[in-house]
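Reader: I've just opened my first protein model and I'm a bit lost. Could you show me how to read a few of its features?

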Amino acid sequence: MTSLAPVLDKDGVRLTVENDLATVTLVNPDKRNAQSPACWRALVEAGRALPGSVRVVVLRAEGKSFSAGLDRQAFTPEGFEGEPSFIDLGRGPEAELDATIAEYQEAFTWWRRTDLVTVAAVQGHAIGAGFQLALACDLRVVAEDVQFAMRETSLGLVPDLTGTQPLVSLVGYARALEICATGRYVHAEEAERTGLANLVVPREELDAAAKDLAAALLQAPRNAVIETKALLQKAATAKDLDTQRTAERAAQGRRLRDLVGLGE
């Protein structure tokens, strides 16, 4: 990939920007890009640091694994330096625990902004929080060696980093329940067949494939892409066809007025 001066480079997260394309890279390969609260705060900061010119964000990771999930140090009595341990959080007030989890979830929510299209380039292990981070993106390009797994339930926990809604939306309730309850691996062929992956490529072609997809996404006019993404997000929860028809008419009206120079 082209070497660019990072806009942000901290706590295992690097952000670079080239015109209308941003790249967020997980840069802790020695720990298989295991995640921590500091990493999540850096991901939030990366989202806030994006210039207004950015239209597409590619999420990638250095090393053999996309992300092995939550760093197990979180479950030790000492936890991470300067952070409350998960054991202490579990023993603390319920409101404090809820607020802390909500803060962690912010690292996984900005990827769905309607003014961006986000692409995860995923290789090797994407476990737990790693799987949920890939699910946070709009699209996923995966290497042939990808191994998705939702291991939280196997550890006596639940997936709580915003991954349940997109997982059910992509593969359906029954398969999502089976994936989460068993904690099994989902490999590349199944990921593509069930809609988890938009494209499967050899490992050595992953970065190039993600960059090619980003380039294709940048071809259409920005406002048309924004309106289309918003429409498709509404379609997933629309109560009936008439509700979606109304939304389509309103969006198309805005587009047409804009094209003839009558937009606001």
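Author: Sure, let's go through sheets, salt bridges, surface patches and backbone angles in turn. First, this is a predicted model, where local features need pLDDT of at least 70 and side-chain atom pairs count only at pLDDT 80 or more, while totals for chains, interfaces and linings use all residues. Residues are numbered from 1 along each chain as its sequence is written, and side-chain values use heavy atoms, with hydrogens and water left out.

Reader: Okay, sheets. How do strands come together?

Author: Strands of a sheet pair through backbone hydrogen bonds, either parallel or antiparallel. Strands (E, at least two residues) and helices (H or I, at least four) are DSSP runs, numbered from the N terminus. Two strands count as paired if DSSP finds at least two bridges between them. Here, three strands make an open sheet in the order 6-8-9, with mixed pairing. Strand 6 (125–127) and strand 9 (186–187) are at the edges with a single partner strand each, so one side of each has no neighbour in the sheet.

Reader: In which sense do strand 6 and strand 8 pair?

Author: They run parallel, joined over three bridges. You can spot I127 opposite A149 in strand 8.

Reader: Next up, salt bridges. What counts as one, and how many does the structure hold?

Author: You need a side-chain nitrogen of Lys or Arg within 4 Å of a carboxyl oxygen of Asp or Glu. The structure holds 17 of them. Take K10 and E45, whose closest N and O atoms are 3.1 Å apart. K10 sits in strand 1 (residues 8–10) and E45 in helix 1 (residues 37–49), so this pair ties together parts 35 residues apart in sequence.

Reader: Are K10 and E45 buried or exposed?

Author: Buried means under 20% relative accessible area, exposed means over 50%, and partly exposed is in between (1.4 Å probe, protein chains only). K10 is partly exposed at 36%, and E45 is partly exposed at 35%.

Reader: Got another salt bridge for me?

Author: Try D242 and R245, which meet at 2.9 Å, N to O. They are three residues apart in helix 10 (residues 241–259), which means about one helical turn separates them. Salt bridges can also link up: R175, E178, R184 and E190 form a network.

Reader: What about surface patches?

Author: Patches are built from residues with over 30% relative accessible area and no salt bridge; like charges are joined within 9 Å, and nonpolar side chains (Val, Leu, Ile, Met, Phe, Trp, Tyr) within 5 Å. Lys and Arg count as positive, Asp and Glu as negative, and His and the chain ends are not counted. The place of a charge is NZ of Lys, CZ of Arg, CG of Asp or CD of Glu. In this model, E144, D145, E204 and E205 gather in a negative patch on the surface. E205 is in the loop between strand 10 (199–201) and helix 8 (206–217).

Reader: Which residues form the nonpolar patch?

Author: F75, L155 and L157, with about 250 Å² of accessible area together. Areas like that come from the Shrake-Rupley method with a 1.4 Å probe, and for residues only the protein chains shown count as cover. L155 is partly exposed, at 47% relative accessible area.

Reader: Last one: which backbone angles should I look at?

Author: Look at N19, which has a positive phi of about 60° although it isn't a glycine. N19 is in the loop between strand 2 (13–18) and strand 3 (21–26). T162, also not a glycine, has a positive phi near 70°, and T162 lies in the loop between strand 8 and helix 5.
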